[in-house]
Amino acid sequence: KSSDVYSSEYAVYREIILEYARSLKALNERVSGAFIVGHEIMENGVTVVTYDNGVKIYVNYSLADQTVDGITIGAMSYEVGE
């Protein structure tokens with residue numbers, strides 16, 4: 001039912017969509033052509049994916065901010081490190 005949809009108007013989400021697109025494009029540029037050489041699941045809900053070019057992506061699947069390797073990753077978010 002439509003009352004479950006808070007908003008479906010593109011204009012409301014345009015800037016958020018563009019920011020996600022910019023962020024993911026920048027991430028892709030960092031790892032394009034690289035191979036995954038490590039995949040580690042930490043006890044605090046963070047997964048660390050390491051690429052052969054030295055880039056590490058920290059994905060926080062938990063509902064609280066977490067810190068790994070001195071990098072704080074927001075809840076349900078990611079950070080890129082080296």
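## Pairing of β2, β3 and β6

In this predicted model, V48 stands opposite Y58, a residue of β3. Strand β2 covers residues 46–51, and its pairing with strand β3, residues 56–60, is antiparallel and extends over five bridges. Four residues lie between these two strands in the hairpin that they form, and within this hairpin G54 takes a positive phi near 95°.

Strand β3 also pairs with strand β6, residues 77–81, in an antiparallel arrangement joined by five bridges. Here V59 of β3 is the residue that stands opposite Y78 in β6.

## The surroundings of T47

T47 is a residue of strand β2, and with a relative accessible area of 8% T47 counts as buried, because that value falls under the 20% cut-off. Leaving aside residues up to four places away in sequence, T47 touches H39, E40, I41, I57, Y58, V59 and Y61. Among these contacts are Y58, which stands opposite V48, and V59, which stands opposite Y78 in β6.

## A nonpolar patch and helix α1

A nonpolar patch on the surface is formed by Y10, V12, Y13, I16, I17, Y20 and L24, and these residues together have about 720 Å² of accessible area. One of them, Y13, is placed in helix α1, which spans residues 10–31.

Is Y13 buried or exposed? Y13 is partly exposed, because its relative accessible area of 33% lies between the 20% limit for buried residues and the 50% limit for exposed ones. The value of 33% is also over the 30% required of a patch member.

Conventions: Residues numbered from 1 in each chain as written. Predicted model: local features only at pLDDT ≥ 70, side-chain atom pairs only at ≥ 80, totals over all residues. Heavy atoms only, no water. Patch = residues over 30% accessible without salt bridge, like charges linked within 9 Å, V, L, I, M, F, W, Y side chains within 5 Å. Areas by Shrake-Rupley, 256 points an atom, 1.4 Å probe, with all protein chains shown as cover. Salt bridge = Lys/Arg side-chain N within 4 Å of Asp/Glu carboxyl O. Buried < 20%, exposed > 50% of the residue type's maximum accessible area, 1.4 Å probe, protein only. Contact = heavy atoms within 4.5 Å. Pairing = 2+ DSSP bridges.
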